[in-house]
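The following exercises invite the reader to examine a protein model step by step. Each task is followed by a worked solution.

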Amino acid sequence: MLIGNRGKYLGIVFGVTFATLLIGQQASIFCGLMSLTTSQIRDIQGASIWVMDANVQFIDDVKPLSDTALYRVRGVEGVRWAVPLYKGISRARLPDGNFQQTILIGVDDASLVGAPREMIVGSLADLGQPESIIIDERGFNQLWPDEPLTLGKTFEMNDKRAVVVGVCKASRTFQTFPIVYTRYSRAIRYVPPQRQVLSFILAEPQPEADPRAVCVAIQQTTRLRALTRDEFYWQTIDYYLRKTGIPVNFGITVALGFLVGAAISGQTFYLFTIENLHQFGTLKALGASDGKIVKMILTQAAVIAAIGYSLGIGFAALFGFAVRDAERLAFFMPWQVPALTAVAVCLMVVLASLLSIRRVLVLEPAVVFRG
C-alpha cells in the first residue's frame, strides 16, 4: 500500500525531506553564528580562568580594570600565575589613506599567553621586534586583497607605526574585523590613552587546585568576576540568546519548516489512507485488530520518516560541506542538530499519522461489500 501509488509516496517523502533539510540547515547556521560569538574565547588559550569586571556579560563587553587588579589576583591563594590581556577595537590607517576597524589583542610581554597558536608566515618570537604585530590570514586578505602573504606590510594605529611580522590562523569572529596581535605594552599605545586599559586577566590555578574553587576565591577576595573558559563561553552564548533577535529569527524559520513538512506529509498521508480504505476494511473483515492496523500505519510512517530524514539531513550536511570555505556564511553542525532534527521529524510524522489512524479506527469492515 505504501509504494502502490508512486506519486503520493514520493510526495510524502519529499515533504519530510524538505522539512528535515530546512530544520537541519537553519539550526546548523544558527550554531555557526553562535560559534562566531565565542571564537576568541576558544582561540585565546593557555589559561584556565578569565577574570573581568563584575558587570561584563560577554567577550566583547569590555569594561577596563585598574592595573592593581592584576596584583590582587596574583595574591589569591590557589593562583599559580596571572597575566594581563588587552582586547579592544582600534582603527588602522593604511598607507593609501583608507581606514579599517581592527580587533586589537595585547598579550603578556613575557609569556605571550593568549597569542595565536598556528602561524602561517613568521614567528611569535618576532613580536619582540619594535613596532611588530601579527595579523590573521583573513584580516591580511581584507587589508591587502589579491596580494600574497608577505611580511613587512605597514599601517598606523593611533598615529603609531605597526609592522606585520607574522600572519596567523584565527577563527572567524562575529564582527569580521581583522585581528591584530601584539604585546600588551605595545597594544596600549595603539589606542587612545585612558586611565584604565586592562581588559581581562588570564590566570592559571595551581596544579592540585580546582579551577572553579579558585574562581570563587578570586571573586571573594577581589570582588571581580572569575570564570573558567567553559563558563565564559556559555555566558557569552547565553547573552546572545537572551539579548538579540537571532534565536527568534531562526526559531521562526525552523518552526515554519516543521509546519510545512507536517502539512504536506499529513495531507498526503491522509489522502493515501483514504484511497486504501477498502484494503484496511478487508483486513478488519479478516479479523485484524485495531491495534494491528495502527501498527501498520505507524510502520509506514516510520519508513517514510527514516527515508525523508536520511535524505534531508544528508542534503543539509552536503550544503555545509559545499559552503565550508565561504566567508559570509557560518555553518556548524554538532551532533545535537541531527539528534534534535530526528526528534522533530518523528513528532512531525506522528502528527501526520493521527488523522489517518482516526479515520481507519472508525472504519466499518462492511465498507468492503459496498459498491
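**Exercise 1. Determine which residues of strand β6 form its covered face and which its uncovered face.**

Solution. Strand β6 spans residues 154-157. Its covered face holds F155 and M157, and its uncovered face holds T154 and E156. In a regular strand, side chains alternate between the two faces of the sheet. Helices (H or I, at least four residues) and strands (E, at least two) are DSSP runs, numbered from the N terminus.

The model is predicted, so local features need pLDDT of at least 70 and side-chain atom pairs count only at pLDDT 80 or more, whereas totals for chains, interfaces and linings use all residues. Residues are numbered from 1 along each chain as its sequence is written, and side-chain values use heavy atoms, with hydrogens and water left out.

**Exercise 2. Identify the strands that pair with β6, and state the sense of each pairing.**

Solution. Two strands count as paired if DSSP finds at least two bridges between them.
- Step 1. Strand β2 pairs with β6 in the antiparallel sense over two bridges; here R93 stands opposite E156.
- Step 2. Strand β7 is also antiparallel to β6, joined to it by four bridges. E156 has R161 as its bridge partner in β7.
- Step 3. The connection between β6 and β7 is a hairpin with two residues between the strands. In this turn, N158 has a positive phi of about 55°.

**Exercise 3. Find the salt-bridge partner of R161, and describe where the two residues lie.**

Solution. A salt bridge is a side-chain nitrogen of Lys or Arg within 4 Å of a carboxyl oxygen of Asp or Glu. The structure contains seven of them.
- Step 1. R161 meets E131 in a salt bridge, at 2.8 Å from N to O.
- Step 2. R161 belongs to strand β7 (residues 160-168), while E131 is in the loop between β4 (119-122) and β5. The pair links distant parts of the chain, 30 residues apart.
- Step 3. Both side chains are partly exposed: R161 has 43% relative accessibility, and E131 has 31%. The scale is as follows: buried means under 20% relative accessible area, exposed over 50%, and partly exposed in between (1.4 Å probe, protein chains only).

**Exercise 4. Explain why the salt bridge of E137 and K169 ties together separate parts of the sequence.**

Solution. In this salt bridge, the closest N and O atoms are 3.1 Å apart. E137 lies in helix α4 (residues 137-143) and K169 in the loop between β7 and β8, so the bridge ties together parts that are 32 residues apart in sequence. E137, at 25% relative accessible area, is partly exposed; K169 is also partly exposed, at 42%.

**Exercise 5. Describe the salt bridge of D238, and then decide whether Y240 is buried or exposed.**

Solution. First, D238 forms a salt bridge with R242, with 2.7 Å between the closest N and O atoms. Both residues lie in helix α7 (residues 229-243), four residues apart, about one turn of the helix. Next, Y240 also has its place in helix α7. With 6% relative accessibility, Y240 counts as buried. Leaving out residues up to four places away in sequence, Y240 touches M34, T37, F58, D60, F174 and P247, where contact means heavy atoms within 4.5 Å.

**Exercise 6. Establish which strands pair with β8, and how many of its residues are buried.**

Solution. Strand β8 (residues 179-183) is mostly covered, with five of its five residues buried. On the pairing, β3 (residues 99-107) runs parallel to β8 and is joined to it by five bridges; L104 has V180 as its bridge partner. Strand β5 (residues 132-136) pairs with β8 in the antiparallel sense over two bridges, and I135 has V180 as its partner.

**Exercise 7. Name the members of the largest nonpolar core that touch the most other members.**

Solution. A nonpolar core is a set of buried Ala, Val, Leu, Ile, Met, Phe, Trp, Tyr and Cys residues joined through side-chain atoms within 4.5 Å. The largest core has 37 residues, and I135, F155, I201 and I218 touch the most other members. Its largest share, four residues, comes from strand β2 (residues 79-93). Apart from this core lies another, of 27 residues, including A47, I103, V113 and L127.
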